Amino acid sequence: MSTLQRFVLMWFVSTVRALQTTQAPPLVLGDQIIKSVAAPMVAASDYAFRCLCRQYGVDLTYTQMLHAKNIVRDPIFVRNHLDFYECGIVEQKLVASQQLILKDTTVRPPLPSVTATKGPLIVQLAGNDPTLVAQAAQKVFNLHPQIAGFDLNCGCPQAIARKGNYGSFLMEHDNGKTVCDIVRSLRQAVPVPISVKHRLATDPSQNISRWRALQEAGVCFITVHGRTLYENKTAVGPCHVEWSQKAVETLSIPVVANGGVERFQDVEQLLQNTGASAVMSSEGLLETPYLFRDDPVNVKDAQFQVTRDYLAWCIHFPPLPGVLGPRGSMTVVKGHVFKFLHRYWSQHEDLRDRLTDPSVDTLGQLEGVVDELWARVSEQDDCESVSWYRRHRKQRTKVEQVPVVLSADERKAQIRERIDQMRKDQKNVLRLSA
Ligand SMILES: Cc1cc2nc3c(=O)[nH]c(=O)nc-3n(C[C@H](O)[C@H](O)[C@H](O)COP(=O)(O)O)c2cc1C
């Protein structure tokens, strides 16, 4: 088959598939149609990073998960987390951690993009008490009425979320009943859209009923992260995108598909295969913030350019420390710079050690380390194989390789899942060999 024939065949197959796929309604916030979304990320969704993402084509950003209880009861938590400059608060008194990182900055570069300073922002809340979560939303809304909406975290798989009964554990705990109560409570409390971001049910037969209940409770849209709570960290595995498609077929509200997006063509493919309204990315964006725009011709140039842009954003808007303590702002910045340039640090461990050295605690010093790295690698060939995104994805992708943080019930569910998978695999083998 010639290249042209192959191209025509591929085009035909993808067009037929697109025509067969049910399409979710568009996600519209204010007057903006949302197609690309930067995920909520603890210690990584700082305003500087949100601006960077918008600069490179992201339509909607989130705050990191914020505990409702802390917002309501802890003024220090509020001061160290609420960086909602999108809502017009540009000049704010710098806290000590932010001041520290600007100590040796004398010149402010121009903003990388003025338009990227604004854009819809969703605040993600965590909690399990409908009254408390509503109080937190009310408090945030009263401070920042330009917020585009509130999201409830129903995806956090960490042991601390199990202990506190929030995130994915809240959803599993009573099959979404409390989550729906919280959604109703939020709808009464604030006049902006409410959404839920969740992981797949450990018992897959529960997904559809959960979605229907959420829609009935009044969510404006849902975000489906196509993994269960066991498919996490080193056991992250492939994303089950077919469930996003099922959500689109089941619901009449917009659906955002999340999980497994590494590069530009994954975004297009995910939209096409699922019919989702938008795509959300987290780990992909953390390393390549331009992934919604295009694949770059020169990865190295692109990675260093986003690093420099991010540092410029940080000079204007140094990240708040969050819960990371007196050096928290620098920890956030270093975390981003580490991921942008991951493939180059691993070739120059002495510079990576300087990056992680606590005595490197200002943006000026950090720029110096980045400059030195650039001086060393600018003439070298690129090596894509050691990207940060691929760090857990090279070998260990199976669900059974989960770290030991599971309760007895979770283990049982996991074993059931594995048996189901083995049965399916066996059927496939039989079908293929028939
Ligand atoms: C550093 C980091 C922090 C995260 N924090 C949150 C969070 O605060 N709230 C949340 O709902 N998900 C959080 N997640 C999960 C992501 O939002 C996303 O659902 C998940 O990484 C899957 O998307 P991906 O395959 O594009 O990475 C976090 C992920 C990472 C890597």
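Good morning. A nitrogen atom of the ligand lies 2.9 Å from a backbone N or O atom of Val42, and with that contact I should like to begin. Please keep in mind that the model before you is predicted.

Let us stay with the ligand. Besides Val42, the backbone of Met65 takes part: one of its N or O atoms is 3.1 Å from a ligand oxygen. A side chain contributes as well, for a polar atom of His225 lies 3.4 Å from an oxygen atom of the ligand. How much of the ligand's accessible area does the protein cover? On its own the ligand has 610 Å² of accessible area, and the protein covers 83% of that. In total, 16 residues surround the ligand. The closest are Val42, Gln124, Lys197, Asn258 and Gly260.

I turn next to Glu231. This residue is found in the loop that runs between strand β8, residues 221-225, and helix α11, residues 242-250. Is Glu231 buried or exposed? Glu231 is buried, and yet it has no salt bridge. The nearest side chain of opposite charge belongs to Arg227, at a distance of 6.2 Å. A salt bridge would require the charged atoms to be within 4 Å. What, then, does the side chain of Glu231 contact? A polar contact of 2.7 Å joins it to the side chain of His240. In addition, a polar atom of the Glu231 side chain lies 2.8 Å from the backbone nitrogen of Thr228.

Another buried acidic residue deserves a brief word. Asp151 belongs to strand β6, which spans residues 149-154. Its relative accessible area is 0%, so Asp151 counts as buried. Asp151 and Thr223 are 72 residues apart in sequence, while their C-alpha atoms are 9.5 Å apart in space.

Finally, the cysteines. How many disulfides does the structure hold? The number is 0. Why does Cys180 form no such bond? The cysteine sulfur closest to that of Cys180 is in Cys154, and because the two are 9.0 Å apart, they are too far from each other for a bond. For a disulfide, the two sulfur atoms would have to be within 2.5 Å. Cys314 is likewise in no disulfide; the nearest cysteine sulfur, in Cys51, is 9.7 Å away. Both of these cysteines are buried: Cys180 has a relative accessibility of 5%, and Cys314 has one of 0%.

Thank you for your attention.

Methods:
Residues numbered from 1 in each chain as written. Predicted model: local features only at pLDDT ≥ 70, side-chain atom pairs only at ≥ 80, totals over all residues. Heavy atoms only, no water. Helix = DSSP H or I, 4+ residues; strand = E, 2+ residues; numbered from the N terminus. Buried < 20%, exposed > 50% of the residue type's maximum accessible area, 1.4 Å probe, protein only. Lys, Arg positive; Asp, Glu negative; His and termini not counted. Polar contact = N/O pair within 3.5 Å; in protein donor to acceptor, adjacent residues only side chain to side chain. Near = heavy atom within 4 Å. Areas by Shrake-Rupley, 256 points an atom, 1.4 Å probe, with all protein chains shown as cover.
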